[in-house]
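Q: I would like to learn how to read a model like this one, beginning with its surface and working inwards. Could you take me through it?

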Amino acid sequence: MRANGTPRHHRNRVDQPAVESGAWPPGTKLPSRSQLCKEYGVSDTVVGKAMMILRATGLTETLEGVGVFVAGKP
C-alpha cells in the first residue's frame, strides 16, 4: 500500500475509471503525465503503464504532437 492509501494493485488503473465511467467522454484530452502523477500520487512509470493499458484496450487514442484522447466506443 502506498503512503496515500492507494493499494499497489490499483495503481495500474490510474485513468480507466474516469474513462469508463464517462467522466472523461470520448474526445476529451487527457491531462499530462505530470498532472496525472500529482493527481493520483503515483510515479511517472505507473502513469506510463496505465496509459499503455488504456491504449492497448482501445480506450484512448494518441495523436503525435497533440496528446492522448479518450476514444469513442469500440
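A: Accessible areas here come from the Shrake-Rupley method with a 1.4 Å probe, and for residues only the protein chains shown count as cover. In this case the accessible surface of the protein comes to about 4800 Å², and 55% of that belongs to carbon and sulfur atoms. This is a predicted model, in which local features need pLDDT of at least 70 and side-chain atom pairs count only at pLDDT 80 or more, while totals for chains, interfaces and linings use all residues. Residues are numbered from 1 along each chain as its sequence is written, and side-chain values use heavy atoms, with hydrogens and water left out.

Q: What pLDDT does the protein average, and where is confidence lowest and highest?
A: pLDDT is the predictor's confidence in each residue, from 0 to 100. The protein averages 79, with 68% of the residues scoring at least 70; helix α1 (residues 16-21) has the lowest confidence, at a mean of 63, and β2 the highest, at 94.

Q: Which pattern of helices and strands does the protein follow along the sequence?
A: Helices (H or I, at least four residues) and strands (E, at least two) are DSSP runs, numbered from the N terminus. Here there are three helices and two strands, and read along the sequence they give α-α-α-β-β.

Q: How many residues are in the largest nonpolar core, and which element gives the most to this core?
A: A nonpolar core is a set of buried Ala, Val, Leu, Ile, Met, Phe, Trp, Tyr and Cys residues joined through side-chain atoms within 4.5 Å, where buried means under 20% relative accessible area, exposed over 50%, and partly exposed in between (1.4 Å probe, protein chains only). The largest such core has twelve residues, among them Trp24, Leu30, Met51 and Val70. Two or more residues come from each of α2 (33-40), α3 (44-56) and β2 (67-70), and α3 gives the most, with four.

Q: Why does threonine 60 count as buried, and which residues does threonine 60 contact?
A: Threonine 60, found in strand β1 (residues 60-63), counts as buried because its relative accessibility is 6%. Contact means heavy atoms within 4.5 Å; leaving aside neighbours within four places in sequence, threonine 60 is in contact with residues including Leu30, Met51, Leu54 and Val70.
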